[in-house]
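This briefing introduces one structure to a reader who has not met it before. Please view the sequence and the model first; the notes that follow are grouped by topic.

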Amino acid sequence: EGLLEVVTFLIHEAGADASPVDRWGGTPLDDAIRSGHEDVQAYLREKGATAGKAVEAASVLPLFDGTAELIDAAFKGELERVRELSQKSNVDVNAGDYDRRTAIHLAASEG
C-alpha cells in the first residue's frame, strides 16, 4: 500500500522533491513500482515524478541535524513526527541518508 499519506505530506506540505535520486540512480517512483504500491505510483506521477536512471554515486555527508530523524520517521510511517520535524529550520526534506535515500524514497517503498 505504501505510505501515501507521508508521501503526500512530504510533497504537498513540506515541499519535497518528487524525484530525488539515490546512489543507485533510483527515485521514489522506482521504489513504489518495485514495491507494487499503485496508489503511491499514481500520486507521484500526478506530481511529475520520473523514473530513475543509472547515475554515478556521489559521496554523502553524514546527517547531524534532524534530517536523519525525519528520514527514520518517514520510514516508520509516523506522519505527525514527519510533520513536526519538517517544520524545523535545520531539517532539509530533500536531504538523503548515506545511500542518498530521502524521506520520500522510504515513504514510497514502505508500508
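In helix α5 (residues 79-86), the buried residues are Leu79, Val82, Leu85 and Ser86; buried means under 20% relative accessible area, with a 1.4 Å probe and protein chains only. They lie on the same side of α5 because they cover an arc of only 130 degrees around the axis, taken from the directions from the helix axis to the C-beta atoms. Helices are DSSP runs (H or I, at least four residues) numbered from the N terminus.

This is a predicted model, in which local features need pLDDT of at least 70, side-chain atom pairs count only at pLDDT 80 or more, and totals for chains, interfaces and linings use all residues. Residues are numbered from 1 along each chain as its sequence is written, and side-chain values use heavy atoms, leaving out hydrogens and water.

**Packing and core**
- The buried residues of α5 pack against α1 (4-13) and α4 (67-76).
- The largest nonpolar core (buried Ala, Val, Leu, Ile, Met, Phe, Trp, Tyr and Cys residues joined through side-chain atoms within 4.5 Å) has 28 residues, and Val6, Val7, Leu10, Leu44 and Val82 have the most contacts inside it.
- At least two residues of this core come from each of α1, α2 (28-35), α3 (38-46), α4, α5 and α6 (103-109).
- Beyond its neighbours within four places in sequence, Leu44 is in contact (heavy atoms within 4.5 Å) with residues including Val7, Ala32 and Ile104.

**Surroundings of Ser19**
- Ser19 is placed in the loop between α1 and α2 and is buried, at a relative accessible area of 16%.
- A polar atom of the Ser19 side chain lies 2.7 Å from the backbone nitrogen of Thr50.

Definitions and conventions
Buried < 20%, exposed > 50% of the residue type's maximum accessible area, 1.4 Å probe, protein only. Polar contact = N/O pair within 3.5 Å; in protein donor to acceptor, adjacent residues only side chain to side chain.
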